[in-house]
Amino acid sequence: MKIEYEGWDGSKNNAAQWESRLQSSYVPRETIDRIVMDYFVVEGYQDAAEKLVKEGGRTSLSEFQNVDKAALATRKAARMAIQNGQVQEAIDLAKKVEPTIITWNVLLRFHLLQQKLIERIRAGNTAEAIKFAQDELAPCGEECPEFLEELQRTLTLLVFENEPDGTLSELMSFAQKQRTASELNSALLAFNQEKKDPMLPFLIKLIIWTEEKLKEHGHCTCEIDIRTGALSEHSGTP
C-alpha cells in the first residue's frame, strides 16, 4: 500500500515525494543550534551546552544567548545530584539560592521527599525508609490529602524483593529521577526569573498536533517518527 500525502491543492504525493519536499525546506544550522542550545541551557545540561558551543566554532555560551553561568552551574549540579541519588545534596544547593524555595512549593517538596524515600528503598534500607515516610512524608499527606495515594504507591515498593513490575517500576526508573530533577530545575529558573520552558518540546508538540490535524482532514496518510524523522505508513490508513 502506498503512503500518500494529499496537498492542500488536492494533489497527492507518495512518501518519497513528500520527503523530497521536506529536504528542500532549508533551515539554517544556526537556527537548529539555537533551539538545541535553548533546551540544554533551560534544562541545566551545562556540559552539553558547552560542547555545542565548541562544535559551533564559538567561544562562549553568551554568543548564543544571555546565560547566568553561576545559576546554570547550580542547576546542573542539582540535576546531577538527583540523578546520582543524592537528593539532599540537591536540596542543599537549592536552599543556597533561596532558603524557602522548597518550603513554599508544596508539590516540589513532596516529590523531593518522595525521591529520598525511593533512594532509601533502592538501597534496601527498609526500616529507615518506613521511619522516613512516617516522619517526613506523612505530614505532607496530612497537609495535602491528594499526596496520600502517591505515598502509599511508593511504600508498596517495600514488598518487592527484586525490581517491581508494571507501573510501580516507573518509580525506580531513571526517568523518575529526571522528572524530579526537572521540577527542581523549573523552580530554580522561576526564582531567578529565567525562561522555564524550552522551545524544543513545544516544537515537537506542534509537529504532533499538526500531523493529527492533517489526518483529521484527510490530508495526511503517513506519519513522521519524531526520533528519526523517517516517514512511515499511518496505522489508521485503510
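Student: Why is R153 called partly exposed?

Tutor: This is a predicted model. R153 has a relative accessible area of 24%. Buried means under 20% and exposed means over 50%, so a value in between is partly exposed. E150 also counts as partly exposed, at 24% relative accessibility.

Student: What makes R153 and E150 a salt bridge?

Tutor: Their side chains meet at 3.1 Å, N to O. The cut-off is within 4 Å, so the pair qualifies.

Student: How do you know that R153 and E150 are separated by about one helical turn?

Tutor: Because they are 3 residues apart in helix α8 (residues 148-155).

Student: Which side chain meets K131 in a salt bridge?

Tutor: That of D135, at 2.6 Å, N to O. Both residues lie in helix α7 (residues 126-143), 4 residues apart.

Student: Why is K131 called exposed, and what does D135 count as?

Tutor: K131 has a relative accessible area of 51%. Exposed means over 50%, so K131 passes. D135 is at 41% relative accessibility, so D135 counts as partly exposed.

Student: Why are α2 and α3 called roughly antiparallel?

Tutor: The axes of helix α2 (residues 29-43) and helix α3 (residues 46-55) cross at roughly 155 degrees. Angles over 145 count as roughly antiparallel, so the label fits. The axes come within 8 Å, and α2 passes α3 in a left-handed crossing.

Student: How do you know that F202 counts as exposed?

Tutor: F202 has 53% relative accessibility, and exposed means over 50%, so F202 counts as exposed. F202 is found in helix α10 (residues 199-216). With L206 and W209, F202 makes a nonpolar surface patch of about 350 Å².

Note on methods
Residues are numbered from 1 along each chain as its sequence is written. This is a predicted model: local features need pLDDT of at least 70, side-chain atom pairs count only at pLDDT 80 or more; totals for chains, interfaces and linings use all residues. Side-chain values use heavy atoms; hydrogens and water are left out. Patches are made of residues with over 30% relative accessible area and no salt bridge: like charges are joined within 9 Å, nonpolar side chains (Val, Leu, Ile, Met, Phe, Trp, Tyr) within 5 Å. Accessible areas come from the Shrake-Rupley method with a 1.4 Å probe; for residues, only the protein chains shown count as cover. Helices (H or I, at least four residues) and strands (E, at least two) are DSSP runs, numbered from the N terminus. Buried means under 20% relative accessible area, exposed over 50%, partly exposed in between (1.4 Å probe, protein chains only). Axes are lines fitted to C-alpha atoms, for helices over the stretch in contact, and angles run from 0 to 180 degrees between N-to-C directions. Angles under 35 degrees count as roughly parallel, over 145 as roughly antiparallel, 65 to 115 as roughly perpendicular and the rest as oblique. A crossing is left-handed if the near helix is turned anticlockwise from the far one by less than a right angle, and right-handed if clockwise.
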